[in-house]
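Biologist: Could you take a close look at one part of this model for me? I'd like to go through how some of the helices pack.

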Amino acid sequence: MEQTLNDSGWRGSPDVWLGAAYESMLEAGVDAVKIQPLAKKLNLSRTSFYWFFKDREELLEALISRWREKNTGNLVKQAEAYAETVAEAMLNVFDCWLDSHLFDSQFEFAVRSWALQSPEALKEVQSADQQRLDALSRMFLRFGFATAHADVRARTIYLVQIGYISMQTKEDVSVRMKRIPEYVEIFTGQAPERRELDRFFARHGYSG
């Protein structure tokens with residue numbers, strides 16, 4: 001395939017094009033993810049895009065894959081992480097809500113907005129929701145909760161957080177940190193121990 005380069009001889013890379021698509025999606029939604037505007041944004045030729053992706057649909061599929069691997073993958077990983085108590089397990093999951101490297105809330109909002117207009121994206125979101133709920137349910141089952149209780153607690157945790165994202169709730173970090181012990185006790189029925197909170201706060205650079 002003939003390669004079309006910009007003046008510097010650089011055509012970009014899959015990650016560069018995907019990164020630009022991600023930024024455009026967060027800024028203005030999926031409709032902004034179009035080849036020509038992305039090329040202009042990157043100062044690359046339009047034909048350079050086709051060196052890495054067959055078409056726009058393949059780029060959108062790559063975006064979904066990136067979202068799936070990051071947000072769903074990390075939430076499941078955190079729910080399965082080692083913990084001595086269910087409260088500590090809950091704090092592991094809370095890491096997702098406070099660390100954008102684990103869970104990208106802006107990306108989540110953008111993908112869910114996309115799902116409102118795309119049946120294909122909606123299927124991806126529904127699949128991700130079920131995988132995440134299943135992981136949270138398994139977390140409670142691990143600590144001896146009955147199946148029905150595990151299911152309802154998982155849904156309570158998850159739907160509260162998706163509500164935060166969907167409503168684009170802005171909450172000062174210190175305020176949220178002060179609420180976390182109460183959230184943990186409500187969600188799990190067990191108050192976190194001081195040492196568990198100290199470890200959690202330390203992970204996020206907070207002095208509680």
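At what angle do the axes of helix α7 (residues 119–142) and helix α8 (residues 147–166) cross? Please walk me through that contact, then carry on to the other helix packing.

Modeller: Sure, and keep in mind that this is a predicted model. The axes of α7 and α8 cross at roughly 130° and come within 8 Å. Roughly parallel would need an angle under 35 degrees, and roughly antiparallel one over 145, so α7 counts as oblique to α8. The crossing is right-handed. On the α7 side, the contact is made by Asp-129, Arg-132, Leu-133, Leu-136, Ser-137, Phe-140 and Leu-141. From α8 come Thr-147, Ala-150, Asp-151, Arg-153, Ala-154, Arg-155, Ile-157, Tyr-158 and Ile-162. Sorted by class, that contact has 9 nonpolar, 5 charged and 2 polar residues.

Now for α1 and helix α6 (residues 105–115): their axes come within 9 Å and cross at roughly 75°, which makes α1 roughly perpendicular to α6. Here Tyr-22, Met-25 and Leu-26 of α1 meet Gln-106, Phe-107, Ala-110, Val-111 and Trp-114 of α6. That contact has 7 nonpolar residues, 1 polar and no charged.

α1 (14–28) also turns up beside α2, since the buried residues of α2 pack against α1, α3 (46–49) and α4 (56–80). Those buried residues of α2 (residues 35–42) are Ile-35, Leu-38 and Ala-39. Looking down the α2 axis, they fall within an arc of 100°, so they line one face of the helix. Just after α2 you'll find Asn-43, with a positive phi of about 60°.

Terms used
Residues are numbered from 1 along each chain as its sequence is written. This is a predicted model: local features need pLDDT of at least 70, side-chain atom pairs count only at pLDDT 80 or more; totals for chains, interfaces and linings use all residues. Side-chain values use heavy atoms; hydrogens and water are left out. Axes are lines fitted to C-alpha atoms, for helices over the stretch in contact, and angles run from 0 to 180 degrees between N-to-C directions. Helices (H or I, at least four residues) and strands (E, at least two) are DSSP runs, numbered from the N terminus. Angles under 35 degrees count as roughly parallel, over 145 as roughly antiparallel, 65 to 115 as roughly perpendicular and the rest as oblique. A crossing is left-handed if the near helix is turned anticlockwise from the far one by less than a right angle, and right-handed if clockwise. Contact means heavy atoms within 4.5 Å. Ala, Val, Leu, Ile, Met, Phe, Trp, Tyr, Cys and Pro count as nonpolar, Asp, Glu, Lys and Arg as charged, and the others, Gly among them, as polar. Buried means under 20% relative accessible area, exposed over 50%, partly exposed in between (1.4 Å probe, protein chains only). The arc is that of the directions from the helix axis to the C-beta atoms.
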